[in-house]
Amino acid sequence: MSRIHSLGGYFHEYQKSVQNPEAFWASVADNFYWRKKWDKVLEWNFEEPKAEWFINGKLNITENIFERQLFTHGDRTAIIWEPNDPNEPAEHISYRELYERVCQFANVLQAKGIAKGDRVMIYLPMIPEAAVAMLACARIGAIHSVVFAGFSATALADRIKDCQAKAVLTSDGNYRGNKTIEVKSVVDEALSMSDGSVETVIVCQRTKQAISMTAGRDHWWHELCQGASIEHKAEEMDSEDMLFILYTSGSTGKPKGVVHTTGGYMIYTYYSFKNVFQYNPGDVYWCTADVGWITGHSYIVYGPLLAGATTLMFEGVPTYPHPGRFWEVIDKHQVNQFYTAPTAIRALQAFGLEPLQDYKLSSLKTLGSVGEPINEEAWRWYHDHVGKDRCPVVDTWWQTETGGILISPLSGITPTKPTYATLPLPGIQPVIVDAEGNELKGNSVEGNLCIKFPWPSMLRTTYGDHERCRQTYFATYKGYYFTGDGVKRDEDGYYRILGRVDDVINVSGHRMGTAEVENAINEHPLVIESAVVGFPHEIKGQGIYAYVICEDLEKTQRTEEVLKKEIIDTVSKIIGPIAKPDKVLLVSGLPKTRSGKIMRRILRKVAEGDVSSLGDISTLLNPEVVEEIKTKAGIPA
Ligand code: PRX
């Protein structure tokens, strides 16, 4: 169904999808089970903005994962779960078993008074229950919002408040490498900071560590499941009913809740999964992302399960208990498609070839990359040493907001080129614009990446603030969705993503707003002002460089080192360890224009260690501060 088999087939499908998008997507949607068929495929305008797909269509996404497929492959493995500790047995969960667990938990949620439209926060580690929780919400029509379990209590509380969540699903603890991490206590702290919308907390037992349970509010997952029926009639959803909210960073300090709806997201994640990875029945597919990110939503849970695939979920980290763990898991479960981030590839590359030597990796057919630009060296290492020169590398470009992969090779079909995401998927109409929004036509052009026609899995709004959605994505260039990425189209018409052109940085594939990190730094009582920029980092892609103005050090009675550590810890506490600055430079001022705007361009150059082209700084309000910053950063005069 809907599978492309050749490059000619791709061009043919692409043409069809552009000439008549409605007919094209309707033919994909016809593969699914709709309780009531749609009246109209699409209504849209980018001014409001509005994009509605499969209008008045009624369905439930979990019926399309389970009921639609149970007769043909109820016994097929849906999820292989590989625990953090290789000595703990892996779990193989069939479609039927997963169906029963989802139905049972759907009944549990309903018994706790959670109904269609309610928001449910999921703060769980990479255990099968995370997928069960998401699908059970979808089954009853509750809107899930997964928060990466490495985010801090403050970050979790902000998200709970923003969407007024009614319940939180969590675990007692989390295993990560040789560490045991507290999870429930973070939820407790978050709830003490939020405003009482949460009535129920359901705790899954994983580490069995001692935790406190609040009577009346907190319940054990396994106890609630006892006696709950494994049958459940799915709620009927409108195609445009919200499926989930996922918070992501933007240029402003406050993360925004990206909203995805049901019908369009379903068909696009399915279609893109099948075509990009060229998945065949019986293949074992592994995406190493966390379910807390969009990659985990679209390409661990929804896309693969809608396609009847076997999807592997890994609880651990790439280097535990040894740096060959990924390769060990690939051989152990005979993984055919492997999908990871450049930052993981670079980190493993740093261990050399030895960790690879004990493994055959002969099951691999396709290698995927996602989350950040992949440098040529990492691409070649991945291709030559992991793929043994015989597996296509699919460099997949997309975003939380796009819901699914938009630009990528189709494995084994699109000729690849290192560092290039290559060509758009059918239905995707990318355009490159200059700073004024003029479309740059033809090949060999560079500019800002926009999309000029809606696709089924595009974001619908930012939760509770539609104007913010319009401002962020649809107001910069009239008539286009603006991605925030710079891009080049080469002489072959291939796309190469150049990175963000806004104040978003990408650290180890994790998206972070510079303003968000600055706000966290400014929470330290001795900080007066700060400015954060990204700088090239060998493993992480980008690192975080913070310039901070503090109160007089002597008065603070701290050494510079102590103060810097306190600042880093403050960020970790407010956002989470992933946002910790790599470098903190204490300065007496920040370069500003006469209108008071911080000149980040200068700070970026200093952070890169390249001050050869700072441009004219004489028009600054305080040009003398640039010399001080350069000296403090260790750049010779
Ligand atoms: O800058 C692009 C980069 O990641 C951003 C989206 O981040 P997020 O919403 O967290 O989603 C990550 C997973 C889809 C993009 O704006 N990005 C993502 N994939 C690539 C990429 N940059 C270059 N090449 C990619 N393949």
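Start with Asp395: in this predicted model, an N or O atom of the Asp395 side chain sits 2.7 Å from a nitrogen atom of the ligand. Thr396 joins in through its backbone, where a polar atom is 2.7 Å from a ligand nitrogen. Glu372 also uses a polar backbone atom, with 3.4 Å to a nitrogen of the ligand. Here are those polar contacts side by side:

| Residue | Protein atom | Distance to a ligand nitrogen |
|---|---|---|
| Asp395 | N or O atom in the side chain | 2.7 Å |
| Thr396 | polar backbone atom | 2.7 Å |
| Glu372 | polar backbone atom | 3.4 Å |

How much of the ligand's accessible area does the protein cover? On its own the ligand has 540 Å² of accessible area, and the protein covers 96% of that.

Now for the shell as a whole. It's made up of 17 residues, and the closest are Asp395, Thr396, Thr400, Asp485 and Arg511. By residue type, the shell splits into six nonpolar, six polar and five charged. As for where they come from, at least two shell residues are supplied by each of helix α11 (294–306), strand β20 (393–396) and strand β25 (495–500).

One other element is worth a look: helix α6, which runs over residues 128–140. Its 13 residues reach 19 Å from first C-alpha to last, close to the 18 Å expected at 1.5 Å a residue. Is α6 mostly covered or mostly open? Mostly covered: 13 of its 13 residues are buried. Right after α6 comes Gly141, with a positive phi of about 85 degrees.

Technical notes:
Residues are numbered from 1 along each chain as its sequence is written. This is a predicted model: local features need pLDDT of at least 70, side-chain atom pairs count only at pLDDT 80 or more; totals for chains, interfaces and linings use all residues. Side-chain values use heavy atoms; hydrogens and water are left out. A residue is near a molecule or strand if one of its heavy atoms lies within 4 Å of it. A polar contact is a pair of N or O atoms within 3.5 Å; within protein, one must be able to donate a hydrogen and the other to accept it, and residues adjacent in sequence count only if both atoms are side-chain atoms. Accessible areas come from the Shrake-Rupley method with a 1.4 Å probe; for residues, only the protein chains shown count as cover. Helices (H or I, at least four residues) and strands (E, at least two) are DSSP runs, numbered from the N terminus. Ala, Val, Leu, Ile, Met, Phe, Trp, Tyr, Cys and Pro count as nonpolar, Asp, Glu, Lys and Arg as charged, and the others, Gly among them, as polar. The expected span of a helix is 1.5 Å times one less than its number of residues. Buried means under 20% relative accessible area, exposed over 50%, partly exposed in between (1.4 Å probe, protein chains only).
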